[in-house]
Amino acid sequence: MSIVGTGNFFGSPEEERDRLVQALQGGKRQTTKPAEIPTVRLNDGNKIPQLGFGVFKVDPAETERVVSEALEAGYRHIDTAAFYNNEEGVGRAIAASGIPREELFVTTKLWPTRFDDAEAGFNESLEKLGMEYVDLFLLHWPAPRNNNFVQAWKVLEQLGERARSIGVCNFLPEHLRQLIDETTIVPAVNQFELHPALQQRDIQEASKAAGIAIESWGPLGQGKYDLSKEAPIAAAARSHGKTLAQVVIRWHLQHGFIVFPKTVNPERMRENLDVLDFELTAEEMVAIDNLERGARGGSHPNDIN
Ligand SMILES: NC(=O)c1ccc[n+]([C@@H]2O[C@H](COP(=O)([O-])OP(=O)(O)OC[C@H]3O[C@@H](n4cnc5c(N)ncnc54)[C@H](OP(=O)(O)O)[C@@H]3O)[C@@H](O)[C@H]2O)c1
């Protein structure tokens, strides 16, 4: 993993003045320069910004605005899915931004009901995004009862440059083993529910052992538990002068996880990106690790078929 330019990133006096003027005018402010965001090198050689922006449950009618604001705040990695029904809005925001395509990292996902016609599902996603390629294409769930993720994966293996990297979501160790045994390309990432109260260390270990990068979904616990009641998170927030969400995002980054919190709120977009100027101590990391209690907020991977 390469960490690029972390640390303090207050700009020159001129940049600071421009920011202040913009803030006073109620203008939009970019807190983090995209170049400051650390990257992770995947097992296929591609690089992914370690901190991105997720759009699960962003209303399709709101998505273009929300993603435009996220790009404005400095995000360059967007995580969507066919299932979220908002790929068009993501594509429109990116097209309108004028940001060169190669400076962006876009992920989308194939829902299990399309595993039998994976290429058609992939083409539909590209069309909705209005793109010639995605940076990362994922199988959304293993759907083990359908017994067709291997077949779908073999289609993903053939997508070539149209899907620069390919990976999986919600794969348990046994699903990873089967996929690796029966196919050629090892997934670049495994994206699964991961936050302080549910860390799924068995999946982490199986992924790492196979050289698969870990992406945390629901990184803030999806708002399903109150972070202010988690003493080590609250203590770290006080000690670093940061918010609860910033401490949790920092915990993911320091573990090497790829993370893309979702928010529709522009202030929170900037807050969630403003996490590169402090570091949790080893003791704080362990105290947050100890919050593990198997608190699953989403579905179990064997239950979506
Ligand atoms: N592969 C999969 O199966 C899967 C499943 C779920 C999610 N995902 C991906 O992972 C991304 C992130 O997960 P998620 O969206 O489920 O959950 P999340 O990022 O853990 O939490 C989102 C919730 O936290 C709130 N929030 C965001 N920033 C905050 C802040 N600074 N302070 C307080 N509250 C804040 C948001 O509210 P507001 O919007 O009101 O600010 C929203 O209710 C998704 O968007 C999606 O891209 C993948």
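A residue is counted as buried if 20 or more other C-beta atoms lie within 10 Å of its own, with C-beta atoms placed from the backbone. In the predicted model described here, this criterion is met in helix 9 by A245, Q246, V247, V248, I249, R250, W251, H252 and L253. Because nine of the twelve residues of helix 9 are buried, this helix is largely enclosed by the rest of the structure. The cover over its buried residues includes strand 9 (213-217), helix 8 (231-240), strand 10 (258-259), helix 10 and helix 11 (282-289). Helix 9 itself spans residues 244-255 and reaches 17 Å from its first C-alpha to its last, which is close to the 16 Å expected at 1.5 Å a residue. After the helix comes G256, a residue with a positive phi, near 90°.

The protein chain as a whole contains eleven helices and ten strands, and of its 305 residues 45% are buried. When contacts between residues at least 6 apart in sequence are considered, 75% of them join residues at least 24 apart.

The surroundings of the ligand comprise 26 residues, of which G54, F56, A245, K262 and T263 come nearest; A245 is also listed among the buried residues of helix 9. By residue class, the shell around the ligand divides into ten nonpolar, twelve polar and four charged residues. Helix 10 (residues 266-273) provides the largest share of this shell, with three residues, and helix 10 is also among the elements that cover the buried residues of helix 9.

Definitions and conventions: Residues numbered from 1 in each chain as written. Predicted model: local features only at pLDDT ≥ 70, side-chain atom pairs only at ≥ 80, totals over all residues. Near = placed C-beta within 6 Å. Helix = DSSP H or I, 4+ residues; strand = E, 2+ residues; numbered from the N terminus. Nonpolar A, V, L, I, M, F, W, Y, C, P; charged D, E, K, R; others polar. Contact = placed C-beta atoms within 7 Å. Expected span 1.5 Å × (residues − 1).
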